[in-house]
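Have the model open in your viewer before you read on. We'll start with the cysteines, then move to a sheet and finish with the pockets.

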Amino acid sequence: MRYYIADLHFWHRALNEHMDCRGFSSVEEMNAYMIEQWNKKVRKNDEVVILGDFSWGTAQQTQEVLDQLQGKLYLIVGNHDRFLDDKKFDASRFVWIKQYAELNENRRKVILSHYPIACYNGQYRKDEDGNPKTYMLHGHIHKTQDQQLMDTFEEYVKNQTHEAIGGGIEHIPCHFINCFCMYSDYQPMTFDEWLELDKKRKNKEI
């Protein structure tokens, strides 16, 4: 099974007390809860793609967290992953560390970046039934005004039209999914789980 999650920010006290206002009594309690939630779902051989901002801790603090997490880990680098700059950090816990990646999800493509990309690769591609074949998975914006702006942008693009490759006029596909950890109660989720959660969030069902 492959899962995705973004912006856990282990050891980032400011995000608990301000900005995200996560509500934990301490950063240590926040860390413990996120580890517990992760390991409730992820098994040893599962894959987890972290879409950036995994930890604000030191190399040692981050290593201690990594040692407690189950699964095979992959990291898309975020702007707050400062532990990567420490030469003492042992990156072997990650299968790979990249700035950007593209993966296949059951005949669909997922574009992976910490930052949402406005015009992502394969955006216009659809399958034989007219369903989108490519989705943009990202993090970075948390649940902020930027999330509202991205939702507005996505809706605007979807209402625009273009000349389809096979002829005719069609609406422009546009599908951003913010894999922000608080949306999933700090649990990594499959692509289809994120897709369903994203639909509910945008329909204001949650």
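If a disulfide is a pair of cysteine sulfur atoms within 2.5 Å, the count here comes to zero. Take Cys21: it is in no disulfide, and the nearest cysteine sulfur, that of Cys181, is 14 Å away. For Cys174 the closest cysteine sulfur belongs to Cys119, and at 8.2 Å that is too far for a bond. Cys174 is also buried, with a relative accessible area of 0% (buried means under 20%, using a 1.4 Å probe and protein chains only).

A word on what you're looking at: this is a predicted model, where local features need pLDDT of at least 70 and side-chain atom pairs count only at pLDDT 80 or more, while totals for chains, interfaces and linings use all residues. Residues are numbered from 1 along each chain as its sequence is written, and side-chain values use heavy atoms, with hydrogens and water left out.

Now for the sheet. It's an open one with four strands in the order E1-E2-E3-E4, and the pairing is parallel. (Strands are DSSP runs of E, at least two residues, and helices are runs of H or I, at least four, numbered from the N terminus; two strands pair if DSSP finds at least two bridges between them.) E1 (2–5) and E4 (94–98) sit at the edges with a single partner strand each, so one side of each has no neighbour in the sheet. E1 is joined to E2 (residues 47–50) by four bridges, and in one of these contacts Arg2 has Glu47 of E2 as its bridge partner.

On to the empty space. A pocket here is an open set of points on a 1 Å grid over the protein atoms alone, where a 1.4 Å probe fits, with protein on both sides within 12 Å along at least five of seven lines; lining residues have an atom within 4 Å of a point. The largest pocket holds about 640 Å³. Its lining counts 28 residues, and the closest to the centre are Gln147, Asp151, Asp198, Arg201 and Lys202. Helix H4 (145–158), strand E10 (176–178) and helix H5 (191–202) each supply at least two lining residues, with H4 giving the most, seven.

The second largest pocket has a volume of about 170 Å³. Among the residues lining the second largest pocket are Arg107, Arg108, Asp127, Glu128 and Tyr135.

Methods: Points joined across faces, edges and corners; volume = space filled by probe spheres on them. Buried < 20%, exposed > 50% of the residue type's maximum accessible area, 1.4 Å probe, protein only.
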